[in-house]
Amino acid sequence: MSKNPFADLSTEKLIKRRDLLKGVLIAFAIMWLLLIAVATYFYITKSTLKMFIPMAILPMTLLPSFIQLTLLNKELKVREL
């Protein structure tokens with residue numbers, strides 16, 4: 001088993017890191033929605049599917065961030081008990 005990377009951090013730092021990560025993920029979600037709108041516009045006007053490629057890749061690139069957020073939340077729950 002690997003060691004928990006968040007065990008060494010203080011609770012304040014964990015909360016700060018979690019809030020920052022949440023903000024980044026929310027910003028990427030808003031950007032993804034805008035990308036959907038732009039891709040749909042270009043598909044309607046120019047009938048091209050090229051704009052949908054980044055839309056499909058963006059969630060996969062954010063997967064490590066979601067995993068880290070899950071680990072942060074688990075560590076915070078353990079510390080609150």
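**Close-up views of a three-helix model**

**View 1. Arg 18 and Asp 19 joined by their side chains**. In this predicted model, a salt bridge links the side chains of Arg 18 and Asp 19, with 3.6 Å from N to O. Is Asp 19 buried, exposed or partly exposed? Asp 19 counts as partly exposed, because its relative accessibility is 41%, and that value falls between the 20% limit for buried and the 50% limit for exposed.

**View 2. A salt bridge between Glu 75 and Arg 79**. Here the side chains of Glu 75 and Arg 79 meet, and the distance from N to O is 3.0 Å. Both residues belong to helix α3, which covers residues 63-80. They sit four residues apart, or about one turn of the helix. Glu 75 is buried, with 11% relative accessible area, while Arg 79 is partly exposed at 27%. How many salt bridges does a search of the whole structure find? It finds two.

**View 3. The helices and the overall form**. Take a step back and follow the chain: the pattern reads α-α-α, with three helices and zero strands. The radius of gyration is 18 Å, well over the 12 Å that the globule rule gives for 81 residues, so the protein is more spread out than a compact globule. Its C-alpha trace spans about 55 × 25 × 15 Å along the principal axes.

**View 4. The surface and the charges**. The protein exposes about 6,400 Å², and carbon and sulfur atoms supply 71% of that area. Buried residues make up 16% of the 81 residues. Now look at the charges: the mean positions of the 11 positive and 5 negative ones are 12 Å apart.

How values were computed: Residues are numbered from 1 along each chain as its sequence is written. This is a predicted model: local features need pLDDT of at least 70, side-chain atom pairs count only at pLDDT 80 or more; totals for chains, interfaces and linings use all residues. Side-chain values use heavy atoms; hydrogens and water are left out. Helices (H or I, at least four residues) and strands (E, at least two) are DSSP runs, numbered from the N terminus. The radius of gyration is taken over C-alpha atoms; the globule rule is 2.2 Å times the number of residues to the power 0.38. Buried means under 20% relative accessible area, exposed over 50%, partly exposed in between (1.4 Å probe, protein chains only). Accessible areas come from the Shrake-Rupley method with a 1.4 Å probe; for residues, only the protein chains shown count as cover. Lys and Arg count as positive and Asp and Glu as negative; His and the chain ends are not counted. The place of a charge is taken as NZ of Lys, CZ of Arg, CG of Asp or CD of Glu. A salt bridge is a side-chain nitrogen of Lys or Arg within 4 Å of a carboxyl oxygen of Asp or Glu.
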